[in-house]
Each structure stands twice: as C-alpha cells, then as structure tokens.
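Reader: I should like to examine how the descriptive terms applied to this model are justified. Please set out the reasoning behind each of them.

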Amino acid sequence: MNTTMAELFAAPIKPFNSWPDKKLAAESKQVALSMTGNAAFPNPEPSMPIFSAGVDAFIDQLGKAGSRDATAIAAKNTKRFELVQLCNSLVNSVASTANGNREMLVSTGLPLRKLPQPVVLRNPENFTVTNGINPGDLKLKIKANKAKSNIFEYTEDPPTETSVWTRFTCTSSSYTVSGLQPGKRYWFRVASVGGRNQLAWGETILSPYVQ
C-alpha cells in the first residue's frame with residue numbers, strides 16, 4: 001500500500017494538563033529519555049537538562065505528596081504546573097523542527113495526533129424483505145454498516161434482460177417501498193456506497209407475495 005501525504009504528515013498534541021499525575025510522570029519521563037541525545041532535535045526548547053530536571057522535580061514531589069500533607073500536595077501541584085508548561089513548550093519546539101515528519105516525531109516519545117482510520121467498505125449483510133404495515137408495502141433491511149449510503153433496487157418477478165430496476169438511495173439500513181401491487185412478487189438487490197462512491201453489492205433476493 002502506498003503511503004499518502006496525510007499518513008506521512010504528523011503533529012504532536014498537548015494532552016498533558018488532562019493527564020493524571022502518574023501518567024504525566026511516566027510519559028514525561030519517557031519523553032526525556034527519548035529526547036536526550038536525539039540527533040533529530042539537537043537544540044530543543046527547553047533544553048533536555050532543563051526538561052529532565054522538571055520531570056524529576058515533579059516525580060520527587062509526587063512521591064512526597066503521598067503523605068497527604070497539604071504543603072507537600074501544594075508543592076506537587078506547583079511542580080506539575082511547571083512540568084506541563086515545559087511539555088507544551090517542547091511540543092511547540094519539536095513540531096517546528098519536525099515539520100510534520102512522522103518518523104522524527106515518533107522518536108520523541110511525545111503523544112501524536114491519531115491518523116483517521118479508513119472505513120473498510122463491506123458488502124451489505126443480512127438482507128431481508130418483509131411485508132410492511134400497509135397494503136402494497138415491503139420493508140427492506142440490512143445489517144447496520146458504516147457506508148456513506150445504501151442503494152436498494154427492485155424489479156418485478158420474473159426478471160428478464162430488459163427488466164427495469166427502480167432505485168432508492170438512503171443513509172439508513174432500512175427502507176420501506178410503497179405502492180407495490182398486492183399479490184405480486186419482486187426481486188430486490190442492495191449495494192453499500194463508500195466515501196469515494198465505490199459500490200459493494202449484497203444479495204439479490206425474491207420478496208414474499210405483497211399483501
């Protein structure tokens with residue numbers, strides 16, 4: 001599979017303030033280890049000695065805050081605020097240097113924006129056709145999917161090479177066809193439409209006699 005420009009381009013994010021203390025301590029320590037001596041970022045801001053000192057100060061104070069002493073907790077919160085500021089500054093510096101290069105950014109240990117995952121277009125499943133509530137109605141239904149839309153088509157039974165298929169498009173997984181002739185049967189087929197308008201066809205099935 002060829003790598004697209006969107007897949008190559010990456011960006012670090014700043015979730016640090018929302019992280020619990022233990023996660024902030026562990027993740028920032030990993031960043032310090034990953035960035036120290038990292039040839040791709042020879043002059044980060046803040047420098048690694050300053051950043052590492054901030055990480056260690058927070059971890060040290062976090063341990064002391066375990067005593068539940070109010071003064072120790074206040075000191076921990078101060079060190080946490082300072083570390084979050086250091087992390088945010090480092091993200092700005094790294095982002096400027098890497099300019100979207102994913103390989104460089106991965107090497108920092110910083111959290112990155114997640115790439116959007118492509119939706120895999122699957123063939124429609126569990127296609128059913130049943131009589132509806134009103135005379136002349138048939139209810140069509142498939143298993144819910146992630147398609148952009150679904151196409152339902154029908155033609156009278158028996159189908160021939162010259163049969164005309166009537167088409168309906170909807171964004172839901174069910175559709176009710178009205179105005180059909182009671183006592184007749186119809187052939188139905190279904191297709192799911194992907195984000196790039198590709199089609200994935202499902203079954204072609206014969207309806208029950210219309211009531």
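The exchange below takes up the whole chain and then individual helices and residues.

Reader: What kind of model is this, and what pLDDT does the protein average?

Author: The model is predicted. The protein averages a pLDDT of 92, and 94% of the residues score at least 70. Over residues 1–7, however, the pLDDT is below 50, and this stretch has 5 contacts in the model beyond near neighbours in sequence. Where pLDDT is low, the predicted coordinates should not be read in detail.

Reader: How many helices and strands are there, and what pattern do they follow along the sequence?

Author: The protein contains 5 helices and 7 strands. Read along the sequence, the pattern is α-α-α-α-α-β-β-β-β-β-β-β.

Reader: How do you know whether the radius of gyration of the protein fits that of a compact globule?

Author: The protein has a radius of gyration of 30 Å, whereas a compact globule of 211 residues would have one near 17 Å. The value therefore does not fit the globule rule, which is 2.2 Å times the number of residues to the power 0.38. The C-alpha atoms fill a box of roughly 85 × 45 × 20 Å along the principal axes. Buried residues make up 36% of the 211 residues.

Reader: How do you know what span to expect of helix α4, and what does the helix reach?

Author: Helix α4 covers residues 70–98 and has 29 residues. The expected span is 1.5 Å times one less than the number of residues, which means 42 Å for α4. From its first C-alpha to its last, α4 reaches 42 Å, close to that expectation. Helix α3, residues 48–64, has 17 residues and reaches 24 Å, close to the 24 Å expected.

Reader: What makes D69 a cap of α4, and what is found just after the helix?

Author: A side-chain oxygen of D69 lies 3.1 Å from the backbone nitrogen of T71. A polar contact requires a pair of N or O atoms within 3.5 Å, so this pair qualifies, and D69 caps the N-terminal end of α4. Just after α4, N99 takes a positive phi of about 50°.

Reader: Which residues of α3 are buried, and what covers them?

Author: In α3 the buried residues are M48, F51, S52, G54, V55, F58 and Q61. Their cover includes α2 (21–35) and α4. An α-helix has 3.6 residues a turn, so residues three or four places apart point the same way.

Reader: Why is S93 called buried, and what does S93 touch?

Author: S93, in helix α4, has a relative accessible area of 15%. Buried means under 20%, so S93 is buried. Not counting residues up to four places away in sequence, S93 touches N43, P44 and E45. A polar atom of the S93 side chain lies 3.1 Å from the backbone nitrogen of E45.

Reader: Why is T108 called buried, although T108 lies in a loop?

Author: The loop in question runs between α5 (102–106) and β1 (128–131). The term rests on accessible area: T108 has a relative value of 0%, which is under 20%, and T108 is therefore buried. Beyond residues up to four places away in sequence, T108 touches V31, S34, M35, N38, F41 and V94. A polar atom of its side chain also lies 3.1 Å from the backbone nitrogen of L110.

Reader: Why is Y154 called buried, and which residues are in contact with Y154?

Author: Y154, in strand β3 (residues 149–156), has a relative accessible area of 14%. This value is under 20%, so Y154 is buried. Leaving aside neighbours within four places in sequence, its contacts include W165, F168, Y186 and W187. Y154 and Y186 are 32 residues apart in sequence and 6.5 Å apart in space, C-alpha to C-alpha.

Reader: Why are K139 and P135 given the terms they have?

Author: K139, in strand β2 (residues 138–141), has a relative accessible area of 39%. Partly exposed covers values between 20% and 50%, so K139 is partly exposed. Among the contacts of K139 are T128, Y175 and T176. P135 is found in the loop between β1 and β2. Its relative accessible area of 69% is over 50%, and P135 is therefore exposed.

Key
Residues are numbered from 1 along each chain as its sequence is written. This is a predicted model: local features need pLDDT of at least 70, side-chain atom pairs count only at pLDDT 80 or more; totals for chains, interfaces and linings use all residues. Side-chain values use heavy atoms; hydrogens and water are left out. Helices (H or I, at least four residues) and strands (E, at least two) are DSSP runs, numbered from the N terminus. Buried means under 20% relative accessible area, exposed over 50%, partly exposed in between (1.4 Å probe, protein chains only). Contact means heavy atoms within 4.5 Å. A polar contact is a pair of N or O atoms within 3.5 Å; within protein, one must be able to donate a hydrogen and the other to accept it, and residues adjacent in sequence count only if both atoms are side-chain atoms. pLDDT is the predictor's confidence in each residue, from 0 to 100.
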